[in-house]
Amino acid sequence: MVLSSYQNLLDMCSEDAFDFQQPLRSLPCVVTSHGIISDPDLESSNDGNSVGSAPPCLKRKVVVANSLPLNCIKDEATGEWSFAVDDNQLLIQLKDGFPIDSEVIYVGSLNVQVDPSEQDQISQKLFKEHKCIPTFLPADLQQRFYHSFCKQKLWPLFHYMLPVFHDKGELFDRSLFQAYVRANKIFADKVMEAVNSDEDCVWVHDYHLMLVPTFLRKKLHRIKVGFFLHSPFPSSEIYRTLPVRDEILKSLLNADLIGFQTFDYARHFLSCCSRLLGLNYESKRGHIGIEYFGRTVCLKILAAGVHVGRLESMLKLPATISKVQEIENIYRGKLVILGVDDMDIFKGISLKLLGLELLLERTPKLRGKIVLVQIVNPARSIGKDVEEAKNEVISVAQRINDKYGSTNYKPVVLIDYSIPFYEKIAFYAASDCCIVNAVRDGMNLIPYEYTICRQGNEEIDKLRGSDKSSLHTSTLIVSEFVGCSPSLSGAFRVNPWSVEDVADALYNVADLTQYEKIQRHDKHYRYVKSHDVAYWARSFDLDLDRACKEQYSQRCWTTGFGLNFRVIALSPGFRKLSPEHFASSYKKANKRLIFLDYDGTLVPQSSLDKAPSNMKSIPDAKATVITNRKFLQNSIAIDDVKTTSITNH
C-alpha cells in the first residue's frame, strides 16, 4: 500500500504525467474568462501573427504591501474621493532603483473603508491614475487580520515579546490565523490580476503578507517572487513558540529571494529552517542559499535606505528654512537632543527619558544646557499596551520638567501630536544629536534621515553665518537592537535597558570635540548617501533575477495541499519513469533487489512499535526485499540487479 502523502509524487510514473522533455512555456498573458487562461504558445501555433504583431509588454514590477502609498480624502458634500501619492513612503521611493523600461504596479489596502458600491469605480480610477490595485478587505476581516493577528500576535512575537498572562486573551486563536490566511489569499488574487508574463517580478513586503508566496506559486509555478522582511526575525527559541510556525516558514520558502535587514535576522531564519524543517543551507560566492526540494531559495542581507534627493529638496523649502531658524533661535546656547519615534511599546521612549533624568541628576552642570525634543508619531495600532506606554511617557516627562525645569527651561519638550513633514526635517537639521533607543526594531530610518538633513545646504549655512565650504557635524546614539546599528559604526551604541548606558552616551555627546563631530558625520553621510533607497531596490531586483535564472533551467513538479504546497525542482536531465520499461527490465533480471524505506513509509513516524513484522515467503525466489530505516541517498550498482527504492518525504 502506498501512503497517500506520497501519492502525488508517484503519479509522475503514470501515463498522463507531464512530459518534462517538453519545453517550458511562458506564463499566460490574458485571462479570457473565469477559470480559463489563454495559452499564447498554443495561439501562436495557430495564428502566426498573433504574437509577432503584438507590441512588446513592459516588464512589470508588482510591489505588494499591506497599505498602498496613497493619501485618501472623501468630500462629504459631494461624496467624491480624491487620492494623492505619498512621496514620503518607501514603496514610492524604491521605484527609482528599477530599470527605466519597468512598469511599477502597487497592490495593497487603502487606509479607509470604501462602500462596496463604489469599489469598482475606485479601482479603475486608482489603476488609471496611480497604477494601484486596492484589495478592499471587509471591515471585520481587516480588524481580525491586521489589528488582532498581525499587531497582537506576530508583531510582539517578532519583537521578542511572548504572551505571559493566559487569562487575558493572549492564547493563540486559530480563527485569527484563518483571517490572516484569507486576507493573504485576497492580496495574492489581486497580484494575479497585475502579472502579465514570466518576466514580471513580484516583490512582497513585510510580515503582514508572509503567506502570499504560496498562493502565487500555486497559480504560477515559474513566477519571480521576492520577499523582504522589514521587521526583526526572532531567534528560533522565540519563533518556535508560534503554533503556525511551519506554515509560515514553508510559505516564505516558496519565494525565490528572501531579504533581511541584518545578518542576525537572516541567521535566525536559517536556524529556524534547520531546526524546524531540517533544511540545509550553504554559502556560494557570497550568496546564502537554502536547499528546498531541489530549489535554491536565496537570502539577501541589505538594509533599506532613504531617498536622499527627497530630503534635500525638502530642506530647500522656504517653510523648512524658516522653521530651522525658529528652532535654533529658541534653543540657542543649548545642546539639542532629538528623538523621533512612533508611540509603541518597543520604541523605548520612557527608557530614553529615564537616561536623561539620570544624567541631570549626576551632572548638575548640564542642567539648563541640554534639551531633549521628543517627537511622538501617532500609534499604528490600538490597545491597552499602547495607552499605558503613552501615559508612562507623559508621566516621566512631567516629572523631569518639574524636578529640573524652570519658568524659561524645560529639559523635555514632548511633541505628541502630528506635525508636517517639513517641520520634522527642520528639527533634524537644527538638532545636535539624534537618539534612537528602541528595545527592538527592524529598520529604523530616522538616523539616516537625520544624517542627510544635518548636511544642510547653502541657504541654511547662510543663516548660521557660515560659508558652503564649512564642515558639518552630527552625532548619533543608537540602540544595539535596531537594524541600522551595524551600518553606523560612528554612533554611540547603547543597551536601551541600561539607563546608565543611555546616560553615559548623552554625557559623551555633550563632551565631544568639534573635530570628533565632523569625523563622525562625514563617515555616516558617505555611507547613507551611497546606500540610498534606489541602491537598495536595484540590488534586490538584480539578485531576484539572478536567483530565478537557475530555476528556468530546471523542470518542476508541484506537490502538497494548502499551506504545505511546494514546488519540486528536477534537473534538466530528469526523465519520467516508464512503467513499460520498468516492467520489462524487472522480468528480464536474473536478480531483483527492492529497497523500502521504513519509518514513515511502512510504519508511521509516531509508531511506538518499531519492530518489523515477520517476513512472508516470496513466491519469486529471485526477488529480495530489504527494509532500511535510512533513506538511500546514493545509488547502488549491482551487476545484473534492478533496484528501486520507495520512501516518504
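Begin by selecting Trp155, Phe158, Tyr207, Phe233, Tyr239, Phe260, Phe269 and Phe346, which together form one aromatic cluster. Rings of Phe, Tyr and Trp (its six-membered ring) pair here if their centres lie within 6.5 Å, with planes under 30 degrees apart counted as stacked, over 60 as edge-to-face and the rest as tilted. The model is predicted: local features need pLDDT of at least 70 and side-chain atom pairs count only at pLDDT 80 or more, whereas totals for chains, interfaces and linings use all residues. Residues are numbered from 1 along each chain as its sequence is written, and side-chain values use heavy atoms, with hydrogens and water left out.

**The nine-strand sheet**

Next, display the open sheet of 9 strands, whose order is 7-6-3-8-9-10-13-12-11 and whose pairing is mixed. Strands (E, at least two residues) and helices (H or I, at least four) are DSSP runs, numbered from the N terminus; two strands pair if DSSP finds at least two bridges between them. Strand 7 (132-134) and strand 11 (281-284) stand at the edges with a single partner strand each, so one side of each has no neighbour in the sheet. From one strand to the next, the twist averages 25° (axes are lines fitted to C-alpha atoms, for helices over the stretch in contact, and angles run from 0 to 180 degrees between N-to-C directions).

**Strand 9 and its neighbours**

Select strand 9 (residues 224-228), where 5 of 5 residues are buried. Buried means under 20% relative accessible area, exposed over 50%, and partly exposed in between (1.4 Å probe, protein chains only). Both faces of strand 9 are covered: one side carries Lys224, Gly226 and Phe228, the other Val225 and Phe227.

Add strand 8 (residues 201-205), which pairs with strand 9 in the parallel sense over 5 bridges. Histidine 205 is found opposite phenylalanine 228 of strand 9. Follow the chain from strand 8 through helix 8 (residues 212-219) to strand 9: this β-α-β crossover is right-handed, in that the path from the first strand over the helix to the second runs clockwise with the strands pointing away from the viewer.

On to strand 10 (residues 257-260), which runs parallel to strand 9 and is joined to it by 3 bridges. Here leucine 257 is the bridge partner of glycine 226. Strand 10 is also parallel to strand 13 (residues 295-301), with 4 bridges between them, and leucine 257 stands opposite cysteine 298 in strand 13.

Finish this sheet at strand 11, which pairs with strand 12 (residues 287-292) in the antiparallel sense over 4 bridges. Lysine 284 is opposite histidine 287 of strand 12. In the hairpin of these strands, with 2 residues between them, arginine 285 takes a positive phi near 50°.

**Aromatic contacts**

The count comes to 23 aromatic pairs. Select phenylalanine 228 and tryptophan 536, an edge-to-face pair at 5.0 Å centre to centre with 85° between the planes. This pair links distant parts of the chain, strand 9 and helix 21 (residues 533-552), with the two residues 308 apart. Phenylalanine 228 counts as buried at 1% relative accessibility, and tryptophan 536 is likewise buried at 1%.

Return to the opening cluster for phenylalanine 233 and phenylalanine 260: their ring centres are 6.2 Å apart and their planes at 85°, so this pair is edge-to-face. Phenylalanine 233 lies in the loop between strand 9 and helix 9 (236-239) and phenylalanine 260 in strand 10, 27 residues apart. Both are buried.

**The six-strand sheet**

Select the open sheet of 6 strands in the order 16-15-14-17-18-19, with parallel pairing. Strand 16 (412-415) and strand 19 (492-494) are at the edges, each with a single partner strand. Here the twist averages 20° from one strand to the next. Strand 18 (residues 475-479) runs parallel to strand 19, joined by 3 bridges, and isoleucine 477 is opposite phenylalanine 492 in strand 19.

At phenylalanine 492, add arginine 520, whose charged end sits over the ring, 4.3 Å from its centre. A charge sits over a ring if NZ of Lys or CZ of Arg is within 6 Å of the ring centre and within 35 degrees of the ring normal. Likewise, select arginine 440, with its charged end over the ring of tyrosine 160, 3.8 Å from the centre.

**Cysteines**

Lastly, the whole structure has 0 disulfides, defined as pairs of cysteine sulfur atoms within 2.5 Å. For cysteine 272, the nearest cysteine sulfur is that of cysteine 273, 7.0 Å away. Cysteine 272 is buried, at 0% relative accessibility.
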